[in-house]
There are 4 protein chains.
Amino acid sequence: MQPVDSGDEEAKRSFIEEARRGQIVRAAVETIAEEGYARASFVRIAARASVSPGLITYHFKTKERLLRQVLEYVDARLDRAMEGGPEPLTGFEDGLRRIVTGHVMHCSLHPREMAVRQEIGGADVPAPVREWIARGEEAGRAEMVGFLTEGQGHGEFRTFDPEVFTDALFAALNHAPARLRRRPPEEHEDYARELARLFAAAATGREPSD
Amino acid sequence: MQPVDSGDEEAKRSFIEEARRGQIVRAAVETIAEEGYARASFVRIAARASVSPGLITYHFKTKERLLRQVLEYVDARLDRAMEGGPEPLTGFEDGLRRIVTGHVMHCSLHPREMAVRQEIGGADVPAPVREWIARGEEAGRAEMVGFLTEGQGHGEFRTFDPEVFTDALFAALNHAPARLRRRPPEEHEDYARELARLFAAAATGREPSD
Amino acid sequence: MQPVDSGDEEAKRSFIEEARRGQIVRAAVETIAEEGYARASFVRIAARASVSPGLITYHFKTKERLLRQVLEYVDARLDRAMEGGPEPLTGFEDGLRRIVTGHVMHCSLHPREMAVRQEIGGADVPAPVREWIARGEEAGRAEMVGFLTEGQGHGEFRTFDPEVFTDALFAALNHAPARLRRRPPEEHEDYARELARLFAAAATGREPSD
Amino acid sequence: MQPVDSGDEEAKRSFIEEARRGQIVRAAVETIAEEGYARASFVRIAARASVSPGLITYHFKTKERLLRQVLEYVDARLDRAMEGGPEPLTGFEDGLRRIVTGHVMHCSLHPREMAVRQEIGGADVPAPVREWIARGEEAGRAEMVGFLTEGQGHGEFRTFDPEVFTDALFAALNHAPARLRRRPPEEHEDYARELARLFAAAATGREPSD
DNA sequence: CATGAATGAGCGTTCATTCAT
DNA sequence: AATGAATGAACGCTCATTCAT
């Protein structure tokens, strides 16, 4: 869902450097998730990682680069989770529902990571990061539009503007972490199924079967 | 859509004080909408209002209080616009569609004000403001849940979790300003109708008639 | 000797702002002269002015702008001092000697200010300041080259490359503050006269008369 | 021109240690010359030497000691170059002119090394280095004063204060690298000759013969 | 009522130096 | 002999807020 940042000179990193980078990225995720992006200063992230603030700059050079790593970390895990289960899709409606449930359940399992996406998305992030996020979102959006259009071509989906549908769907998915936070974990699966039924009904114009 | 901030000692305010407060609130709206919440410092808001920064504190005491007034101003205008047109509702589906189109068209007509709601919603706002926003949202949410439940009781809406539906609907409505910004104004009405059809289909489980 | 920074929007400043700006500029001069440019941080300058560091940014916006004011202050005083005494010049040699003695005596009377020019000239100053200094120096150099060429035209100076002469003269003048610092003040006038005789001899190829 | 740093415990150094030290010193010279003293951090010098920053401290203990070695390296090469050509001096004026041309031509042939002397001389160098430089300069100055006094004793030089003359001469020589940088290399020899004629005229009070 | 000068904490980043490996 | 990870203080600058006028 995010562009591969191939071409950057990350090159070979020592084992211990990789470990520290991971530790700092995870500390940044925690800090942003729990204190908010605006409070996620190097001092606070460093404190959470039990490390000096200078070390963050040492490993990431700039805050922008750290943010990029944070987003890559979060999105990589999301992408992996979204790759779909082993059972074959029975159709486009099934595909749409799996996208929704997959995303929501990932939010349930990794609430802090997913909260970070929202925090950063809405915050006063450096311009290059904002553009990088926008490019990633645009790619995801295009993929979804293509999927919906295909479903319409197969007659499985009703006639609607796939762009508008994608806007609504992504808005709902992005807000999922905030809403799940207010519900006990045992309800999350129901939440996922309900949201999937909602968008299935919206896409097909039929009462969802299940 | 926002709770009345009853209990605060706004009491008696001179005419000129009210004028100044309004001027500053409008300047704050413009500043947040055009430069973003993070850049909306007292100095910049004051400059836009052609006023000294100290005057803002004089009239509002803290930034938190100014933000509250900004949100009250914006939400009051939104609430007024959402009160519905003169023609009587033909049913719950019609009501739902009017909520969606009304909100979207308000975003189209007053993009800066609506952008402010989003900016502030996602930003590093003081905790009391965050809570105040949450209370306001909860009230709106409850109203919507009631409406949907009633529609289900009348058999006009299919069976679904009204809370989940409300989450998805409000998420889509709150993102509308950001999405409309990317489209020419003449398409906004289509956007509103499409989004309304989407949620109508989701609520009824039927192909929307119009 | 420095370009007029006309065109900047310094506009009308309140009396007390002008006073504070002057106080800060003088504190900066003292700090640079006594601790060196590298140690002239906002914190230290502010301490010397008995003021908070934030106030410097408040009045000057950036360090670059403060430096510019410092240089303007110093150069304005130097230029005024160099305008020459009341007695008419008796010739080009006399003119050259007055330039030298005028400059050296100014260094004697205002050693800290003149030390600042050297400190800043040799330091890791922001690029725009460096360019501004360079433009000012180039203007002074051109004036001197013109003066020397004219003196050669009148046959009062021997044949030499005026550019090279100017380089040597300005180098010597710029180092004067450092050298005077090592001598008791009562010798400064002798120093000035000796340096003037040196360059008079170099320019005329004759034993200086006085 | 620089005092022997006798008394330091450089003592016995292995061959490979000497090699490393030389490599680092040369990297420091390049870094200071091309990026300026202020940008010549251990990290950058180490990168240029393809070495780790820790190694610099390992070999030199402190930045101050590295700077000392840098200056010794540069000054040693300058001293060797200044030792004068094979032809015997024809007199004091000849000696003076050879000093000037020798120095200027060395600046032309080794501009980076000579730029380093200036960079360090004017920068925020640690106090002990500044003192060490001062001692070195004082030694050179004393030598020059002696030479000039002797020339006056032989009647070849006019009556002037040798200290003042030395100040002016050294100032001009130290600024030579900066001025040469602005001229094409083929003019450097002319520059050297012109500067030599200037100081010859200043010293003798006569039109230079050549 | 209104000004705008003033504060001081906090920000991201750089740096010489240390030290475990 | 050499690495490079790690530290912590200092930097210029921004900000909400205070207060003398």
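Me: Let's start at the DNA. What part of D:S52 lies 3.3 Å from a phosphate oxygen of DNA strand F?

Reply: A backbone N or O atom of D:S52 does. Keep in mind that this is a predicted model. A pair of N or O atoms counts as a polar contact within 3.5 Å, so the 3.3 Å of D:S52 makes the cut. Side chains join in too: a polar side-chain atom of B:K63 sits 2.3 Å from a phosphate oxygen of strand F, and for C:S41 a side-chain N or O atom is 2.9 Å from one.

Me: Which elements give two or more residues to the surface near DNA strand F?

Reply: Go chain by chain. Chain A gives α1 (15–35) and α3 (53–60), chain B gives α2 (42–48) and α3 (53–60), chain C gives α2 (42–48), and chain D gives α1 (15–35) and α3 (53–60).

Me: How many residues surround DNA strand F, and which are the closest?

Reply: There are 32 residues around strand F, and the closest are A:R20, A:Y58, B:K63, C:K63 and D:Y58. Now look at what they face on the DNA: sugar and phosphate make up 77% of the strand F atoms that come within 4 Å of the protein. By class, the surface near strand F has 10 nonpolar, 14 polar and 8 charged residues.

Me: And the other strand? Which residues come nearest to DNA strand E?

Reply: Run through the reading again for strand E. Of its 32 surrounding residues, A:K63, C:R20, C:S52, C:Y58 and D:K63 come nearest. Sugar or phosphate holds 78% of the strand E atoms within 4 Å of the protein, and bases hold the rest. The residue classes come to 10 nonpolar, 15 polar and 7 charged.

Me: What are the distances from the side chains of A:R44, B:H59 and C:H59 to a phosphate oxygen of strand E?

Reply: A polar side-chain atom of A:R44 is 3.3 Å away, and one of B:H59 is 3.2 Å away. For C:H59, an N or O atom of the side chain is 2.9 Å from a phosphate oxygen of strand E. As for helices, the ones that each supply at least two residues to the surface near strand E are α2 (42–48) of chain A, α1 (15–35) and α3 of chain B, α1 (15–35) and α3 (53–60) of chain C, and α2 (42–48) and α3 of chain D.

Me: Moving to protein on protein. What is the area buried between chain B and chain A?

Reply: The general idea comes first. Interface size is often quoted as the accessible area lost when the parts come together. Here chains B and A bury about 2,900 Å², with carbon and sulfur atoms giving 51% of it. On chain B's side, B:R158, B:V164 and B:L198 lose the most area to chain A, together 19% of what that side buries. If you'd rather count residues, 35 of chain B are in contact with 34 of chain A.

Me: How many salt bridges are there between chain B and chain A?

Reply: The count is 6. One of these joins the side chains of B:E138 and A:R182, at 3.7 Å from N to O. The cut-off is 4 Å, so the pair B:E138 and A:R182 qualifies. There are also 10 residue pairs in polar contact between the two chains. On chain B, α7 (127–153), α8 (162–180) and α9 (188–204) each supply at least two residues of the side that touches chain A. By class, that side of chain B has 15 nonpolar, 5 polar and 15 charged residues.

Me: How do I read the relation between chains C and D: what turn and shift lay chain C on chain D?

Reply: Look at the angle and the slide along the axis together. A turn of 178° with a shift of 0.0 Å lays chain C on chain D, with an RMSD of 0.5 Å. Those values are why we can call the relation a two-fold axis. In chain C, the C-alpha nearest the axis belongs to C:A202, 1.9 Å from it. Both copies use the same surface, as 100% of chain C's contact residues recur in chain D.

Me: What is the area buried between chain C and chain D, then?

Reply: It is about 2,900 Å², and carbon and sulfur atoms give 51%. C:R158, C:V164 and C:L198 supply 19% of the area chain C buries against chain D, more than any other three residues. The salt-bridge count between C and D is 6, including C:D124 with D:R39 at 2.9 Å, N to O.

Terms used
Residues numbered from 1 in each chain as written. Chains lettered and ligands numbered in written order. Predicted model: local features only at pLDDT ≥ 70, side-chain atom pairs only at ≥ 80, totals over all residues. Heavy atoms only, no water. Contact = heavy atoms within 4.5 Å. Buried area = accessible area lost by both parts, 1.4 Å probe. Polar contact = N/O pair within 3.5 Å; in protein donor to acceptor, adjacent residues only side chain to side chain. Helix = DSSP H or I, 4+ residues; strand = E, 2+ residues; numbered from the N terminus. Nonpolar A, V, L, I, M, F, W, Y, C, P; charged D, E, K, R; others polar. Near = heavy atom within 4 Å. Least-squares fit on C-alpha atoms with pLDDT ≥ 70 in both.
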